[in-house]
4 protein chains.
Amino acid sequence: MIISIEKGFPEAGIEHVTAFLQAHNTHYHVANLYGRQVIGFEKELSPALVEELRLMPGVEDVIPVSTPYKFASREWKTEKTSFHVKGEEIGGNELTIIAGPCAIESEEQIFTIAEHLHRSGIKFIRGGAYKPRTSPYSFQGLGLEGLKFIRQAADEFDLRVVTEVIDLNVLDQVYNYSDILQVGSRNMHNYYFLKELGKIDKPVLLKRGMYAKITEWLLSAEYILTGGNERVILCERGIRSFDDSVRNVLDISAIPLVQQLSHLPVFVDPSQGSGIRSLVNPIAAGAVAAGCDGLLIEIHPNPSTALSDGPQSLYLEQFTHLTQKLAPVAMSVGRNLSLKTKIFAK
Amino acid sequence: MIISIEKGFPEAGIEHVTAFLQAHNTHYHVANLYGRQVIGFEKELSPALVEELRLMPGVEDVIPVSTPYKFASREWKTEKTSFHVKGEEIGGNELTIIAGPCAIESEEQIFTIAEHLHRSGIKFIRGGAYKPRTSPYSFQGLGLEGLKFIRQAADEFDLRVVTEVIDLNVLDQVYNYSDILQVGSRNMHNYYFLKELGKIDKPVLLKRGMYAKITEWLLSAEYILTGGNERVILCERGIRSFDDSVRNVLDISAIPLVQQLSHLPVFVDPSQGSGIRSLVNPIAAGAVAAGCDGLLIEIHPNPSTALSDGPQSLYLEQFTHLTQKLAPVAMSVGRNLSLKTKIFAK
Amino acid sequence: MIISIEKGFPEAGIEHVTAFLQAHNTHYHVANLYGRQVIGFEKELSPALVEELRLMPGVEDVIPVSTPYKFASREWKTEKTSFHVKGEEIGGNELTIIAGPCAIESEEQIFTIAEHLHRSGIKFIRGGAYKPRTSPYSFQGLGLEGLKFIRQAADEFDLRVVTEVIDLNVLDQVYNYSDILQVGSRNMHNYYFLKELGKIDKPVLLKRGMYAKITEWLLSAEYILTGGNERVILCERGIRSFDDSVRNVLDISAIPLVQQLSHLPVFVDPSQGSGIRSLVNPIAAGAVAAGCDGLLIEIHPNPSTALSDGPQSLYLEQFTHLTQKLAPVAMSVGRNLSLKTKIFAK
Amino acid sequence: MIISIEKGFPEAGIEHVTAFLQAHNTHYHVANLYGRQVIGFEKELSPALVEELRLMPGVEDVIPVSTPYKFASREWKTEKTSFHVKGEEIGGNELTIIAGPCAIESEEQIFTIAEHLHRSGIKFIRGGAYKPRTSPYSFQGLGLEGLKFIRQAADEFDLRVVTEVIDLNVLDQVYNYSDILQVGSRNMHNYYFLKELGKIDKPVLLKRGMYAKITEWLLSAEYILTGGNERVILCERGIRSFDDSVRNVLDISAIPLVQQLSHLPVFVDPSQGSGIRSLVNPIAAGAVAAGCDGLLIEIHPNPSTALSDGPQSLYLEQFTHLTQKLAPVAMSVGRNLSLKTKIFAK
């Protein structure tokens with residue numbers, strides 16, 4: 001259940017409500033979400049108790065929510081969540097495109113990409129400075145140096161930075177240099193970590209675990225929301241299956257299903273979601289037609305020398321070509337993809 | 001490897017080639033595919049032997065094919081396969097829509113649907129007379145009576161019939177009453193059965209097994225092709241995963257991947273591929289944008305009373321609405337969906 | 001629900017019961033199982049109707065069964081099913097060992113194996129004459145010739161034959177030459193086929209589909225039982241997973257789980273269930289300790305030249321060694337494995 | 001490849017070796033493992049370079065290792081790893097039993113269990129103070145208070161403490177109160193975290209991720225080993241599958257397979273590995289017969305009131321019964337399970 005508190009009601013004024021919940025042995029979370037205080041809890045209270053709650057000062061409504069996640073559900077918040085990141089809307093009618101390399105490899109690499117994005121009319125750059133790698137012998141990312149490179153490149157070319165935070169020990173660093181913090185597939189189940197991300201004031205892009213059920217994914221979002229961070233983006237990136245023809249199987253049904261269950265924006269990563277360059281375009285087009293709110297695309301000036309994920313990275317020209325192909329697809333399902341391209345303006 | 005025989009070369013004339021293969025212990029299949037005799041085999045022959053083969057009378061070419069399937073591969077046949085079924089092209093630029101109930105339940109039901117399809121400008125009807133059901137206590141289909149119903153309805157409304165054959169014992173029946181024979185997911189691995197379907201002169205729509213790797217699926221197609229039946233349609237219908245949020249996970253990457261590996265047309269079943277009515281539209285749109293050649297859609301005049309698959313069947317009006325939504329999506333990726341609708345003409 | 005008819009009650013005498021069920025729109029199956037007539041159906045009847053049924057002549061009991069499968073359930077038949085095949089008990093305290101090659105390759109091969117089994121005190125031989133192979137270019141089995149070879153070898157060395165039937169078109173052949181008919185993993189979902197196996201009077205060993213849920217597997221057994229064949233052996237052979245380290249993941253929990261849900265004997269195939277020779281012994285030992293009723297083991301006089309499944313086949317001496325290792329494991333969990341070995345008697 | 005340095009060779013003395021590797025662009029890890037300095041790296045060096053290395057002062061051997069993990073492999077370390085924890089051997093001939101509640105719930109609960117373990121002759125207690133829970137509304141563990149309870153209970157009853165560390169922020173706490181630190185399934189892919197565990201001087205029990213391939217699991221162990229912590233225990237706890245009959249499918253083949261690939265001890269958790277109390281005994285017996293080195297068992301004085309994992313927890317008496325059943329199984333495969341039981345001594 002969720003208790004909505006009236007807008008503007010003093011924070012300290014809800015103590016009688018929380019005391020009441022404690023008296024009835026109810027484990028609850030208070031958060032400040034979407035303009036009001038809200039209190040979420042799982043317990044089913046009796047109609048009489050609900051009525052008592054409803055009559056308390058400051059209580060606007062008590063809403064039963066049938067799903068295990070409360071704040072992430074459409075039952076509670078019926079309108080889609082959208083917000084702005086340095087002037088660019090996410091979750092609105094405009095499709096968001098985030099592109100960049102798997103890993104930041106050098107100043108030159110990231111500046112080349114940033115300039116290309118800028119000319120292609122793209123507003124968001126991605127790139128990992130801390131990379132979760134299966135082998136300790138693989139390139140683990142440039143760390144702080146990489147963060148500085150991507151920030152500088154983004155600032156020069158009017159881009160917003162999306163980058164992964166892999167542990168709380170580097171949270172401060174990543175926070176300082178990024179605009180959206182990405183939680184990777186492997187960390188989606190790391191609840192201690194998610195709780196801390198609920199306390200920050202920057203959006204979190206939460207990738208689906210490669211073996212996470214939809215409900216588990218939304219519960220991970222709930223961990224962030226219960227902390228009070230209302231700007232969560234969900235990102236489908238493919239699930240692990242029995243078939244090694246593709247690196248991951250992109251679960252296209254997750255797009256509409258999650259949008260029906262939750263108010264949060266749903267992005268798709270067709271690069272991770274296949275692992276094969278030649279599949280990125282058709283999968284991206286499919287994801288847009290299925291209604292996704294944004295895309296994450298891996299690109300590289302020279303994929304064959306990439307330190308990670310080369311086989312699934314697009315060449316820069318392929319990427320520009322892709323965005324031009326996606327515009328009419330977006331339009332065919334009532335979405336917009338405006339590319340104020342500067343690439344041919346020169 | 002594949003040996004292509006010159007067009008028009010007498011069938012009996014290739015005995016020296018097959019004798020040569022036998023002499024070199026090579027297990028081969030001869031088929032008449034796409035206008036010529038072809039001989040497929042898996043063994044890697046030495047360059048010298050290949051040269052000998054190449055010089056034999058009637059031999060047009062000897063083509064190395066790196067995939068386990070030979071006749072199904074793009075390496076052998078680079079152009080896409082297309083063919084006509086009673087005047088309607090499959091595998092061409094026009095998107096094929098096949099719709100109908102999961103199971104034929106009564107004469108009235110199938111005639112209602114057939115008339116609706118006709119008015120919506122659809123050319124193919126589907127419906128099962130023999131149903132593979134997990135439980136022996138579930139409705140198993142009307143059998144021969146059902147086949148007669150769907151044939152009559154199709155003939156009255158200028159439709160082509162697609163229906164499933166579940167065992168060789170009913171092959172003759174199904175053959176007599178249908179235009180395209182469907183092989184269900186559960187029979188994709190039934191190789192004895194597939195061999196027999198290679199001998200018939202009607203197209204086969206081969207659904208992907210719910211746990212079949214792409215290579216296994218294409219090898220199943222190969223069983224049909226080696227029998228000499230060149231008109232195979234592949235149909236992705238969702239794979240089984242760890243997540244019960246959806247009945248099956250539609251593998252959207254299978255569309256472009258199979259189209260790159262094989263020349264055969266690739267269809268998608270978004271009804272089976274999700275099991276949830278509200279997901280059919282976005283998944284269908286996604287499949288079209290990803291480049292599929294056709295769609296199989298389950299519809300029912302009254303899904304709540306359907307004897308099987310009700311929850312994933314569209315209402316008739318929903319279906320018409322869907323096709324109208326799909327036309328611009330098809331156009332946005334350079335495909336066509338012409339609906340010579342008669343529904344508003346009345 | 002299941003209606004038990006009194007032992008010895010005339011078959012024709014239950015018409016009033018079936019007429020009553022028809023009058024109440026109940027789809028039912030009548031079978032002759034374990035010494036009495038039984039009628040199974042899925043519908044939940046009201047207490048009043050159940051009472052009416054209970055009072056009908058010949059009705060012994062009406063038993064509610066909560067599982068989708070009825071005749072296969074422990075709720076209906078509480079004692080474990082056991083039966084004899086030419087004097088050897090299956091499903092009793094004695095562990096059953098079935099061994100032999102994946103495919104029958106020659107008269108010599110199968111006689112060598114049969115003699116070895118005989119000397120090792122083994123009573124059952126396996127070997128495929130019709131092989132379901134993923135590729136049409138792979139060895140498909142010797143067919144009828146192979147059946148004759150294994151029958152002769154078995155007869156000479158006092159063995160019982162277990163062999164796979166892959167299609168109804170070869171059922172008569174396989175029936176004539178075998179003592180237990182095996183249904184392969186790929187045919188477990190082939191319901192039309194299973195119904196026919198319900199009509200024969202030889203035991204059926206039903207392998208679990210490589211992607212079958214436990215309930216689906218038991219429903220497949222139900223198809224055979226509803227046909228009236230009460231001697232069904234269930235065989236776990238590994239399920240398909242995301243990890244290609246092993247060919248299949250043997251689901252050890254299936255052994256006790258199925259034994260709790262069903263009265264049917266549960267066998268295990270550690271050869272298919274791993275695909276790696278060096279894992280066969282520990283997995284076999286694990287399966288025995290977990291309580292399985294029998295094992296299927298692939299062996300070959302010369303695995304490196306085997307036409308199929310060589311990497312998972314044991315050498316003959318390895319097999320004998322394995323059985324000697326298994327005897328104390330069986331004993332440690334209260335089971336018996338008596339090997340009246342003749343191998344050292346020479 | 002792995003370079004072994006002579007025992008006793010000064011730590012500072014290997015700089016010429018590492019300088020050589022750097023000069024040849026090789027990313028390496030130096031560790032102190034099993035009594036000597038070792039240097040691991042992935043790159044394949046030419047025979048000439050290997051020869052140069054071999055001749056350097058202090059270099060004992062240069063060993064090619066074909067697996068992606070080096071220090072975890074049997075190719076490098078052929079003898080099984082064993083070590084003592086406060087006098088009790090792990091990885092030796094004696095089977096290790098670790099038992100306790102899923103979560104520490106109260107002082108009374110954990111003391112009751114500890115006393116019972118002591119009387120049953122068990123030497124290791126488990127119990128979570130920090131619990132990774134899918135829902136933020138579920139009990140998250142007692143934290144530091146719980147750690148103190150389990151430490152006191154263990155000290156009173158001569159037990160060693162195994163408890164989970166879920167984040168680096170609580171590592172110091174968990175380190176101070178435990179003897180073996182457990183890494184849960186969800187953290188197996190958390191490489192940043194694993195690196196830190198490589199720096200501590202207590203053993204780490206590394207659970208397999210619920211969707212981790214064997215190679216990925218061993219690479220996670222490699223992260224700990226490259227940090228210099230040589231005491232890693234691998235624990236199979238079931239993988240996620242398509243079948244919800246069980247919570248997880250215990251991968252029994254992982255036991256022998258990992259033991260063949262790696263020298264590290266392999267434990268099994270039959271409680272998590274099924275999620276069903278009635279399956280714990282047969283699966284535990286199966287795991288022992290398949291050769292596991294130890295078991296983790298969830299027990300609770302009153303499972304029906306447990307705050308987590310009640311359905312899979314054994315009653316205390318069931319647990320004692322289980323250990324008595326396991327002793328002969330262990331013996332049947334040449335292992336020992338000595339239970340210096342004090343339970344009937346009273």
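# Pairs, packed helices and copies

Tutor: Let's start with one residue pair: in β3(C), C:Asn32 has C:Gln37 as its bridge partner. Keep in mind that the model is a predicted one.

Student: What makes β2(C) and strand β3 of chain C a pair?

Tutor: Two strands pair if at least two bridges are found between them. Here six bridges join β2(C) to β3 (residues 36-41) of chain C. Six satisfies the cut-off of at least two, so these strands count as paired. They run antiparallel.

Student: In which order do the strands of the open sheet in chain C lie?

Tutor: The order is β2-β3-β1-β4, four strands with antiparallel pairing.

Student: Why are β2 and β4 of chain C called edge strands?

Tutor: Look at their sides: β2 (28-33) and β4 (59-63) of chain C each pair on one side only. On average, neighbouring strands of this sheet are turned by 20° against each other, direction ignored.

Student: And what is the strand order of the open sheet in chain A?

Tutor: In chain A the four strands follow the order β2-β3-β1-β4, paired in the antiparallel sense. Its edge strands are β2 (28-33) and β4 (59-63), each of which pairs on one side only.

Student: How do you know that β1 and β4 of chain A pair?

Tutor: Count the bridges again. Strand β1 (residues 2-5) of chain A and β4(A) share four of them, in the antiparallel sense. Pairing needs at least two, so four is enough. Across this pair, A:Ile3 stands opposite A:Val62 in β4(A).

Student: Now chain B. What do β2(B) and β3(B) form, and how many residues lie between them?

Tutor: They form a hairpin, with two residues between the strands. In the turn, B:Tyr34 has a positive phi of about 50°. Six bridges hold the antiparallel partners β2 (residues 28-33) and β3 (residues 36-41) of chain B as a pair. One matched couple is B:Ala31 with B:Val38 in β3(B).

Student: Let's turn to helices. What describes two packed helices?

Tutor: Two values do: the angle between their axes and the distance between those axes.

Student: At what angle do α1 and α2 of chain D pack, and what is that arrangement called?

Tutor: Helix α1 (residues 15-23) and helix α2 (residues 47-54) of chain D pack at about 165°, with axes 11 Å apart. Angles over 145 degrees count as roughly antiparallel, so α1(D) is roughly antiparallel to α2(D). The crossing of α1(D) past α2(D) is right-handed.

Student: Which residues make that contact?

Tutor: From α1(D) come D:Val17, D:Phe20 and D:Leu21, and from α2(D) come D:Leu49, D:Glu52 and D:Leu53. By class, that gives five nonpolar, no polar and one charged. Glu counts as charged, so D:Glu52 is the charged one.

Student: Why is α8(A) called oblique to α9(B)?

Tutor: Helix α8 (residues 254-261) of chain A and helix α9 (residues 277-289) of chain B pack at about 135°, their axes 9 Å apart. Roughly antiparallel would need over 145 degrees, and roughly perpendicular runs from 65 to 115. An angle of about 135° falls into neither range, so α8(A) is oblique to α9(B). In this contact A:Pro256, A:Leu257 and A:Gln260 of α8(A) meet B:Ser278, B:Leu279 and B:Pro282 of α9(B). The residues divide into four nonpolar, two polar and no charged.

Student: How do you know that a two-fold axis relates chains B and C?

Tutor: A turn of 180° and a shift of 0.1 Å along the axis lay chain C on chain B, with an RMSD of 0.0 Å. That is the relation of a two-fold axis. The C-alpha of chain C nearest the axis belongs to C:Tyr211, 3.2 Å away from it.

Student: Which rotation superposes chain A on chain B?

Tutor: It is a rotation of 180°, with 0.0 Å of shift along its axis and an RMSD of 0.0 Å. A:Gly286 has the C-alpha of chain A nearest that axis, at 1.9 Å.

Student: What makes you say that chains A and B meet through the same surface?

Tutor: Of the interface residues of chain A, 100% are also interface residues in chain B, so the copies do meet through the same surface.

Notes. Residues are numbered from 1 along each chain as its sequence is written. Chains are lettered from A and ligands numbered from 1 in the order in which they are written. This is a predicted model: local features need pLDDT of at least 70, side-chain atom pairs count only at pLDDT 80 or more; totals for chains, interfaces and linings use all residues. Side-chain values use heavy atoms; hydrogens and water are left out. Copies are superposed by least squares on the C-alpha atoms of residues with pLDDT of at least 70 in both. Axes are lines fitted to C-alpha atoms, for helices over the stretch in contact, and angles run from 0 to 180 degrees between N-to-C directions. Angles under 35 degrees count as roughly parallel, over 145 as roughly antiparallel, 65 to 115 as roughly perpendicular and the rest as oblique. A crossing is left-handed if the near helix is turned anticlockwise from the far one by less than a right angle, and right-handed if clockwise. Contact means heavy atoms within 4.5 Å.
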